Amino acid sequence: MKLNTGDPLAVKIVEILKHIKKSEFFTLSEIDYERSYSGIKMAVNIPALCDTEYFCYRKPSNFENDLTEDCVSFINPIKFQENTKYIMLSATADKDICEYCFGEDNVKFYTSKEAKLTGTLFQYGGKPMSRSFMRDNPGIIGQIKKWSGIKHTISFKKLPNHYVGDLHFGNCSGCDILKNENIDVIGTPHQPEWIYKLFSYALGFGIDTKLKPNTIITHNGYRFRFNTYDDKTLRDI
């Protein structure tokens, strides 16, 4: 299917190509989704592309090894029904972020009591253990496994050649197949930086700051060093 040059979707795509020459993050107006767009063969969510307003232009880099060519990413907007109450159940939801997203007056935040730790937790933070660090130090998983003597492992999905695991970061939700087992959890999972910044940009907050290694922060009653931002809003995100 070919779009006419004056078609709103064609115009929006052309505007995207113009903006990536000037800026990394940019805003475009939403357009109406036409039924005729359903015949377009593209590896893109066309309805979301019509609705979205916030975009990020990304280039391949050492921080995104899975990205082999330039691309444009955008937030898939979620529209809620008016005058409808929604309940979010989460072990990680942040009160400030929820209020940023939905408005302070629209959020009632309830905190349940903390789950009791029944086993013994040994935590070592002497190495960054990011994806890039572990790719550059592939033998570290074997060293940890030899030291711990523990069978089960949870780590990054992209490191299958270095360990045999039942689960990996990103597919653990709702799984209890390792209940009552000793587990090595190896790695510090982060989202790519553009996700944090695009989310902040969509909320109208600043993004002109860089990640700062070994920043001392206080979170959930703990004080520790972390690779994060000086900016409080970006840090919360």
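In this predicted model, Ile-78, Phe-80, Tyr-86, Met-88 and Phe-102 together make a nonpolar surface patch of about 560 Å². One of these residues, Phe-80, sits in the loop that runs between β3 (71-74) and α3 (95-102). Its relative accessibility is 43%, so Phe-80 counts as partly exposed, a class that lies between the buried limit of 20% and the exposed limit of 50%.

From the surface, the description can turn to the aromatic rings. A search of the whole structure yields ten aromatic pairs. In one of them, the ring centres of Phe-26 and Phe-55 lie 5.4 Å apart with the planes at 5°, and the pair is therefore stacked, since planes under 30 degrees apart are classed in this way. This pair ties together distant parts of the chain: Phe-26 belongs to strand β1 (residues 25-27) and Phe-55 to strand β2 (residues 54-58), with the two positions 29 residues apart in numbering. Phe-26 and Phe-55 are both buried.

A second ring pair has another geometry, and it is formed by Phe-224 and Phe-226. Here the centres are 6.1 Å apart and the planes stand at 90°, so the pair is edge-to-face; the cut-off for that class is an angle over 60 degrees. Phe-224 is partly exposed, as its relative accessible area is 32%, and Phe-226 likewise counts as partly exposed, at 31%. Elsewhere among the aromatic residues, ring pairs join Phe-25, Tyr-54 and Tyr-201 into a cluster.

The two stacked rings come up again in the interior. The largest nonpolar core contains 13 residues, and Phe-26 and Phe-55 are among those with the most contacts inside it, along with Leu-9, Ile-16, Tyr-37 and Cys-50. At least two residues of this core come from each of α1 (8-19), α2 (46-51) and β2. The element that gives the most is α2, with three residues.

Leu-9 offers a handy view of these surroundings. When neighbours within four places in sequence are set aside, Leu-9 is in contact with Leu-3, Ile-31, Tyr-37, Ile-40, Ile-46, Leu-49 and Cys-50. Of these partners, Tyr-37 and Cys-50 are also listed with Leu-9 among the core residues that have the most contacts. Another core lies apart from this one; it has twelve residues, including Met-134, Ile-140, Ile-141 and Ile-154.

Conventions
Residues numbered from 1 in each chain as written. Predicted model: local features only at pLDDT ≥ 70, side-chain atom pairs only at ≥ 80, totals over all residues. Heavy atoms only, no water. Patch = residues over 30% accessible without salt bridge, like charges linked within 9 Å, V, L, I, M, F, W, Y side chains within 5 Å. Areas by Shrake-Rupley, 256 points an atom, 1.4 Å probe, with all protein chains shown as cover. Salt bridge = Lys/Arg side-chain N within 4 Å of Asp/Glu carboxyl O. Helix = DSSP H or I, 4+ residues; strand = E, 2+ residues; numbered from the N terminus. Buried < 20%, exposed > 50% of the residue type's maximum accessible area, 1.4 Å probe, protein only. Phe/Tyr/Trp six-rings, centres within 6.5 Å; stacked < 30°, edge-to-face > 60°. Core = buried A, V, L, I, M, F, W, Y, C linked by side-chain atoms within 4.5 Å. Contact = heavy atoms within 4.5 Å.
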